[in-house]
Amino acid sequence: MADVTETIGVEPALSEVEGSSAGEAEAPASRPTGLRAFYRKHENTILPLTTVVVFFAAWELVAGLGLIRPLLISSPSRILKAAVWLFEHGFWNDILVSANEFGVGFALSVVIGIPLGILMGWYRRLNVMFDPFISALYAMPRIALLPILILWLGIGIESKIAVVFLGAFFPMLVSTMAGMKTIDESLLKCARSFGARDRQVFTTLALPGSVPFIITGMRLGMGRGLVGVVVGELVASNAGVGYVMSLAGATFQTDKVYVGILILALTGYVLVEVLKWLEARFESWRPERG
């Protein structure tokens with residue numbers, strides 16, 4: 001009887017536990033609502049924006065307390081006033097000049113560098129023929145060629161375009177070549193086992209698989225191109241963002257120098273985001289392992 005009583009006493013307890021577990025399983029998962037839901041949805045925007053706001057607020061606070069010298073570091077409010085003054089006195093023209101120099105030089109590097117990198121990465125003999133020139137010019141600082149470019153092309157927009165082109169061309173070329181040589185061995189063996197020809201391997205494996213390398217080369221080339229614009233205008237120019245920065249630095253107008261720096265930084269950020277979007281658009285084109 002005792003055994004029977006214990007068994008009867010245990011069964012309701014087990015059923016209660018099972019019932020509670022089933023109820024918990026059937027209960028819908030709690031979802032964040034209100035501000036928490038909004039934050040989770042826009043977290044990738046809120047976090048960097050908050051960081052930037054805190055940075056500039058701290059910068060302004062430190063400058064306002066006199067902990068830094070305005071002549072050397074300036075402050076966000078002083079930079080904003082300088083920016084307003086510059087735009088009221090024709091700074092848009094300098095921005096357009098620099099944008100034209102960068103746009104034309106970068107476009108030429110894309111149009112020439114990426115196709116040439118694809119060809120040199122795919123055809124071994126072509127790579128062997130031009131590798132000494134590519135290696136030598138890639139290792140050489142392109143800024144060292146600026147004096148000869150100015151001698152050939154003058155101090156106009158042509159020499160700045162050439163500097164941007166040389167700065168952006170080689171990172172794109174080398175990165176694209178590396179991407180064409182990096183083919184997934186398992187996918188290549190699978191393609192060969194099904195009788196894929198070189199043309200099919202090129203269009204379905206090599207070219208799609210090189211997309212991340214091409215985008216990386218464009219990012220590197222974009223940074224080198226912006227450097228080329230500024231350096232070219234610092235050395236010899238009569239217009240452009242770099243020219244304004246050089247003139248402001250020579251007259252100890254630190255606020256105006258920082259205006260140029262922030263414009264270049266913002267331009268680089270926007271271009272990187274565009275390249276990220278472009279990479280995401282081509283993500284589905286990349287070959288995947290089955």
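This passage describes two pockets and one buried loop residue in a predicted model.

The largest pocket has a volume of about 230 Å³. Its lining consists of F56, P76, I79, L80, A83, V259, L262, I263 and L266. Two elements, helix 4 and helix 13 (254-281), each give two or more residues to this lining. The lining comprises 9 nonpolar residues, with no polar and no charged ones.

The second largest pocket holds about 190 Å³ of space. I95, S98, A99, F102, L226, V229, V241, I263, L264 and T267 line this pocket. At least two lining residues come from each of helix 5 (91-122), helix 11 (211-235) and helix 13. Helix 5 makes the greatest contribution, with 4 residues. By class, the lining divides into 8 nonpolar and 2 polar residues, and no charged residue is present. I263 appears in the lining of the largest pocket and also in that of the second largest. Helix 13 likewise supplies at least two residues to the second largest pocket, and two or more to the largest.

S75 lies in the loop between helix 3 (43-64) and helix 4 (76-88). The relative accessibility of S75 is 4%. The cut-off for burial is under 20%, so S75 counts as buried. Beyond its neighbours within four places in sequence, S75 is in contact with W59, E60 and A63. Helix 4, which follows this loop, is one of the elements that give two or more residues to the lining of the largest pocket.

Notes
Residues numbered from 1 in each chain as written. Predicted model: local features only at pLDDT ≥ 70, side-chain atom pairs only at ≥ 80, totals over all residues. Heavy atoms only, no water. Buried < 20%, exposed > 50% of the residue type's maximum accessible area, 1.4 Å probe, protein only. Contact = heavy atoms within 4.5 Å. 1 Å grid on protein atoms, 1.4 Å probe; cavity = no way out; pocket = protein on both sides within 12 Å on 5 of 7 lines; lining within 4 Å. Points joined across faces, edges and corners; volume = space filled by probe spheres on them. Nonpolar A, V, L, I, M, F, W, Y, C, P; charged D, E, K, R; others polar.
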